Amino acid sequence: MKKALITGINGQDGSHLAELLLSKGYEVHGAIRRSSIESSTKMSNLKNIIARIKLHTCSLDNHLAVYKLIAAVQPDECYHLAASSFVSYSYEDEVSIFATNFTATHYILSSIRELFPQCRVYFAGSSEMFGNADHTPQNEDTKFNPRSIYGISKLSSYHVVKNYREQHGLYACTGFTYNHESPRRSHAFVTRKITSGVAKVALKLAKKIELGNLEAVRDWGYAPEYVEAMWLMLNNPHGPRDYVIATGIPHTIKDLLQTAFAVVGLNYQNHIDINNEFFRPGEQVPLIGNPLNIYQDLGWRSTVKFEHIIEEMVLNDLNLLKLKS
């Protein structure tokens with residue numbers, strides 16, 4: 001039986017990946033913060049599988065703790081999904097985000113190299129690494145140009161992953177994941193803000209949703225499909241390779257609003273307030289991924305349509321609010 005270690009197992013991707021690996025017969029271990037394990041809200045994504053996985057409390061920014069974790073689990077595969085993605089412009093937060101994201105990746109790789117160099121490592125990259133891209137859609141050869149500390153921390157981690165692959169022979173690769181959603185998406189993301197807001201409007205618990213730029217473009221996919229791409233990358237007959245994981249299909253925030261409000265039979269224009277404080281600098285070139293290489297090499301492609309994803313999220317948020325009332 002293969003053993004897998006997932007950092008950030010209680011998040012959207014981690015929980016979907018854990019379910020996928022369990023279905024494939026893996027023994028699944030998860031690294032989690034002590035503060036998370038004591039919170040029922042932060043553990044809700046794991047409620048259906050909690051008895052079938054093994055959880056380990058670990059501070060990923062502590063080298064000794066990471067080393068002991070790898071020694072205890074002895075994983076065949078490690079999926080490093082945990083990251084600090086809080087958007088902030090304060091210097092203190094920037095330092096914390098960079099340190100947490102980069103050092104955790106480095107500690108995991110160095111511990112695996114020393115203890116179990118046969119372990120295969122997946123690192124969760126991001127479209128934010130391309131940032132202000134020079135062309136669209138982006139592929140594996142697109143020049144990196146991050147414009148946030150989060151993107152910079154991911155890019156730095158990518159380079160250390162690449163170094164351990166090329167200099168130390170580790171099976172280590174990075175997936176450049178574009179936006180991907182499911183009902184387990186955090187409320188901190190605009191997709192969940194909108195779907196939960198639509199549910200509140202439909203149930204007359206709110207009248208409006210405050211948003212920024214409705215013309216912002218994103219490449220939105222379905223999280224359960226994206227974690228399958230991660231697994232395929234660690235079982236790649238071609239060896240460790242980095243891939244763009246995306247749909248290649250652009251949608252605007254306006255598209256998202258139209259789709260979400262249509263689920264409850266309402267016109268989004270009657271329920272939106274534009275707040276200039278929510279405007280983020282827009283990309284001159286939209287962040288849209290080209291997944292051709294992962295399709296050609298591994299046969300992976302996104303199949304769940306955007307409309308289905310948003311409908312599922314709205315219906316889920318409606319059910320959650322009804323259960324609370």
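Where does Thr105 sit in this structure? Thr105 belongs to helix α4, which covers residues 91-115. Before we go further, please keep in mind that this is a predicted model.

Let's stay with Thr105 for a moment. Is Thr105 buried or exposed? Its relative accessibility is 2%, and because buried means under 20%, Thr105 counts as buried. What does the side chain of Thr105 touch in a polar way? The partner is the side chain of Ser157, and the polar contact between the two spans 3.3 Å. Setting aside neighbours within four places in sequence, Thr105 is in contact with His80, Phe123, Ser157, Val160 and Val161. Ser157 thus appears both in the polar contact and among these contacts.

From here we can turn to charged pairs. Side chains of opposite charge can pair when their charged atoms come close. How many salt bridges does a search of the whole structure find? The search gives nine, and three of them make a good tour.

Start with the salt bridge between Glu77 and Lys2, where the N to O distance is 3.4 Å. Glu77 is in strand β4 (residues 77-80), while Lys2 is in the segment before β1 (3-7), so this pair ties together parts of the chain that lie 75 residues apart in sequence. The two partners have their own surroundings: Glu77 has 2% relative accessibility and counts as buried, whereas Lys2, at 37%, counts as partly exposed. His80, one of the contacts of Thr105, falls within the residue range of strand β4, 77-80.

The next stop is Arg184 with Glu19, whose side chains meet in a salt bridge at 2.7 Å, N to O. Here too distant parts of the chain are linked: Arg184 is in the loop between β7 (180-181) and α6 (190-202), Glu19 is in helix α1 (residues 12-23), and 165 residues separate them. Arg184 is partly exposed, with a relative accessible area of 21%, and Glu19 is partly exposed as well, at 26%.

Our last pair is Glu215 and Lys254, which form a salt bridge with an N to O distance of 2.8 Å. Glu215 lies in the loop between β8 (209-211) and β9 (217-218), and Lys254 in helix α8 (residues 253-263), so that distant parts of the chain, 39 residues apart, are linked. How accessible are the partners? Glu215 has 45% relative accessibility and counts as partly exposed, and Lys254, at 27%, also counts as partly exposed.

How values were computed:
Residues numbered from 1 in each chain as written. Predicted model: local features only at pLDDT ≥ 70, side-chain atom pairs only at ≥ 80, totals over all residues. Heavy atoms only, no water. Salt bridge = Lys/Arg side-chain N within 4 Å of Asp/Glu carboxyl O. Helix = DSSP H or I, 4+ residues; strand = E, 2+ residues; numbered from the N terminus. Buried < 20%, exposed > 50% of the residue type's maximum accessible area, 1.4 Å probe, protein only. Polar contact = N/O pair within 3.5 Å; in protein donor to acceptor, adjacent residues only side chain to side chain. Contact = heavy atoms within 4.5 Å.
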